[in-house]
Amino acid sequence: MFQATRRRLVLWYTSITALLLLLFATTVYLYVRSTLIDRVDDTLKHSLEVVERSLAIEEQPQANGVPQLRLNLDASFGENADSLEEDRIDIEWFSPTGELLWSTLREPLNVPITATRTPQTVYLQDGNSPESRPILRQIAQRISRDRQVVGYLRVSHPWFEIARPSRDLALDLGFGITVMIASVAAMGWWLSGLAMKPVGESYQYLKQFTADASHELRSPIASIQTQVQVALADPDIAENPSSRTLENIERLTRRLGRLVDDLLFLTRQESGMVPWEPQPVSLDALLLEVIEEQMAIAASKSIQLEFQILDPEPTPSKPHPEGTDGDDPFSVLGDWDQLFRLFLNLLGNALRYTPDGGAIQVTLGYRLPSRPQKSSKVPGTVQVTLTDTGIGIPPDALPHVFERFYRVDPARRQDSGTLSGSGLGLAIAQTIVQRHGGEIRLDSCLNQGTTVQVTLSAHLSS
């Protein structure tokens with residue numbers, strides 16, 4: 001139990017740390033990438049301004065007398081191309097009609113010219129479908145003089161100047177996060193061990209105290225009960241009017257003994273003190289013994305107690321009515337004594353809260369797997385249903401019925417004498433069902449009755 005708690009603590013510490021580190025790394029990565037892009041954009045804008053100022057635009061007279069503006073390519077880009085090459089800036093010059101006239105790129109981009117001062121990203125194209133891999137960051141601007149368009153200037157910067165540092169940063173952050181998570185997990189395991197050590201010691205003291213207290217309580221309770229029973233067996237005392245007091249003492253002592261047993265059982269089950277060695281248990285035989293033990297109480301209250309076993313329905317994959325290949329469909333893996341106590345508590349509650357002349361029905365059934373399985377050796381589930389015509393449980397009390405010592409309004413109780421309970425019956429039932437990997441469900445309608453359904457996995461022999 002403590003190792004499981006320690007693992008959960010380490011898992012929580014590591015998960016929270018990993019989440020925080022992931023958020024931090026994502027923020028750093030996005031910030032650095034955005035900074036790189038802004039830096040490239042600033043470089044492009046600066047380069048565009050430098051090249052634009054150095055453009056050599058010449059006038060050529062035309063026949064109509066209107067001079068035609070023309071760019072001298074050699075004078076404009078000769079020196080700029082060499083100076084911008086160090087900054088990995090490529091230059092393209094287009095005619096007023098969008099025709100590429102001069103470029104420092106090895107191959108034309110085949111990207112339409114768009115005159116805008118906003119930096120754009122150019123993606124690698126395959127036909128008409130652009131892929132997701134960017135290759136360039138560029139800015140284009142229309143160059144005009146005296147309201148006459150001379151051409152278009154476009155400067156570009158390779159995207160790998162952004163992608164490569166971003167990739168290296170992502171790898172470094174990933175490696176750093178991995179090392180940090182591993183370190184946090186190791187430190188968390190060590191620190192949780194230190195934190196759990198005093199808890200474990202206190203738990204050992206608690207277990208020892210529980211064992212000692214239960215032993216010390218059992219002995220005087222048993223002694224008091226024995227002496228009271230001996231006294232009541234004396235004819236002189238039995239005829240004395242004060243014997244009524246002794247009978248009350250004997251009944252309360254018996255109830256106190258059951259309370260000690262119930263608390264000891266819950267403590268041992270939750271602490272793992274009891275070794276778990278499940279064995280095949282046939283529920284039909286077990287339920288028969290439980291019902292036989294409670295039959296006398298049912299008869300004393302004129303309660304009709306019925307036990308019904310529903311035959312499994314044969315299917316093409318399970319032709320045998322009694323199960324697969326003749327296996328007992330009502331067999332489960334568990335502890336006989338605990339399961340006996342489970343159904344004894346449930347049936348005892350039904351008898352306790354069912355008025356005289358009522359009815360209780362116990363049904364045992366087998367359900368096939370909800371989904372068809374390829375293997376024929378796939379167990380279904382065994383369901384035990386107890387239905388009574390008792391006083392029922394109010395809707396507001398249903399969520400609390402499995403809590404320890406929780407009891408519905410005492411004025412509504414039908415128990416008396418030896419049937420009085422301690423409020424631990426359903427808590428013990430839930431503990432046993434969970435220990436066997438099953439489910440317990442309780443439905444009730446006020447003044448109409450209660451239905452308790454226990455579902456356990458069937459066990460098929462190999």
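**Entry 1: Lys-197**

I began with Lys-197, which I found in helix H3, a run covering residues 160-233, and I kept in mind that this is a predicted model. I wanted to know whether Lys-197 is buried or exposed. Its relative accessibility is 54%, so Lys-197 counts as exposed, the cut-off for that word being over 50%. I then looked at where Lys-197 sits relative to the start of the chain, and I noted that its C-alpha atom is separated by 9.4 Å from that of Phe-2, although the two residues are 195 apart along the chain.

**Entry 2: a pair within helix H3**

Staying in helix H3, I looked up Glu-161 and Arg-164, which both lie in this helix, three residues apart, or about one turn. In an α-helix there are 3.6 residues a turn, so residues three or four places apart point the same way. Glu-161 forms a salt bridge with Arg-164, and I recorded 3.9 Å between the closest N and O atoms. Glu-161 counts as partly exposed because its relative accessibility is 21%, and Arg-164, with a relative accessible area of 39%, is partly exposed as well.

**Entry 3: the other salt bridges I followed**

How many salt bridges does a search of the whole structure find? The search finds four, and I followed two more of them beyond the pair in H3. Side chains of opposite charge can pair when their charged atoms come close.

In one of these, the side chains of Asp-41 and Arg-137 meet, with 2.8 Å from N to O. This pair links distant parts of the chain, since Asp-41 belongs to helix H1 and Arg-137 to strand S6 (residues 129-145), 96 residues apart. I checked the burial of both partners and found that Asp-41 and Arg-137 are buried.

In another, Arg-154 and Glu-92 meet through their side chains, again with 2.8 Å from N to O. Arg-154 lies in strand S7 and Glu-92 in strand S3, so this salt bridge ties together parts of the chain that are 62 residues apart in sequence. Arg-154 is buried, and Glu-92 is buried too.

**Entry 4: strand S3 and its neighbours**

Glu-92 led me to strand S3 itself, which covers residues 90-94 and has four of its five residues buried, so the strand is largely enclosed by the rest of the structure. I asked which strands pair with S3. Strand S7 (residues 148-158) runs antiparallel to S3 and is joined to it by five bridges; within that pairing, Phe-94 has Tyr-152 as its bridge partner. Strand S4 (residues 100-103) also pairs with S3 in the antiparallel sense, over three bridges, and here Glu-92 is partnered by Ser-103. I noted that S3 and S4 form a hairpin with five residues between them, and that Gly-98 in the turn has a positive phi of about 90°.

**Entry 5: the loop between H6 and S9**

I turned next to Lys-301, which is placed in the loop between helix H6 (283-300) and strand S9 (304-309). Lys-301 is buried yet has no salt bridge, and the nearest side chain of opposite charge, that of Asp-356, is 4.3 Å away, whereas the cut-off for a salt bridge is within 4 Å. What does the side chain of Lys-301 reach? It reaches the backbone oxygen of Thr-354 at 3.1 Å, and a polar atom of the Lys-301 side chain also lies 2.7 Å from the backbone oxygen of Leu-351.

Ser-302 lies in the loop between H6 and S9 as well, but Ser-302 is exposed, with a relative accessible area of 54%. I wrote down its phi, which is near 55° and therefore positive in a residue other than glycine. Most residues other than glycine have a negative phi.

**Entry 6: a positive phi at Asn-447**

I found a positive phi at Asn-447 too, near 65°, and this residue is likewise not a glycine. Asn-447 is in the loop between strand S13 (439-445) and strand S14 (449-457), and it counts as exposed because its relative accessibility is 61%.

**Entry 7: helices H8 and H1**

In helix H8 (residues 425-435), I listed the buried residues, among them Leu-426, Ile-428, Ile-432 and Val-433. Just after H8, Gly-437 takes a positive phi of about 70°.

Last, I looked at a nonpolar patch on the surface, formed by Trp-12, Tyr-13, Ile-16, Leu-19, Leu-20 and Leu-23, which together have about 680 Å² of accessible area. One of these residues, Leu-19, is found in helix H1 (residues 2-53).

Definitions and conventions. Residues are numbered from 1 along each chain as its sequence is written. This is a predicted model: local features need pLDDT of at least 70, side-chain atom pairs count only at pLDDT 80 or more; totals for chains, interfaces and linings use all residues. Side-chain values use heavy atoms; hydrogens and water are left out. Buried means under 20% relative accessible area, exposed over 50%, partly exposed in between (1.4 Å probe, protein chains only). Helices (H or I, at least four residues) and strands (E, at least two) are DSSP runs, numbered from the N terminus. Two strands pair if DSSP finds at least two bridges between them. Lys and Arg count as positive and Asp and Glu as negative; His and the chain ends are not counted. A polar contact is a pair of N or O atoms within 3.5 Å; within protein, one must be able to donate a hydrogen and the other to accept it, and residues adjacent in sequence count only if both atoms are side-chain atoms. Patches are made of residues with over 30% relative accessible area and no salt bridge: like charges are joined within 9 Å, nonpolar side chains (Val, Leu, Ile, Met, Phe, Trp, Tyr) within 5 Å. Accessible areas come from the Shrake-Rupley method with a 1.4 Å probe; for residues, only the protein chains shown count as cover.
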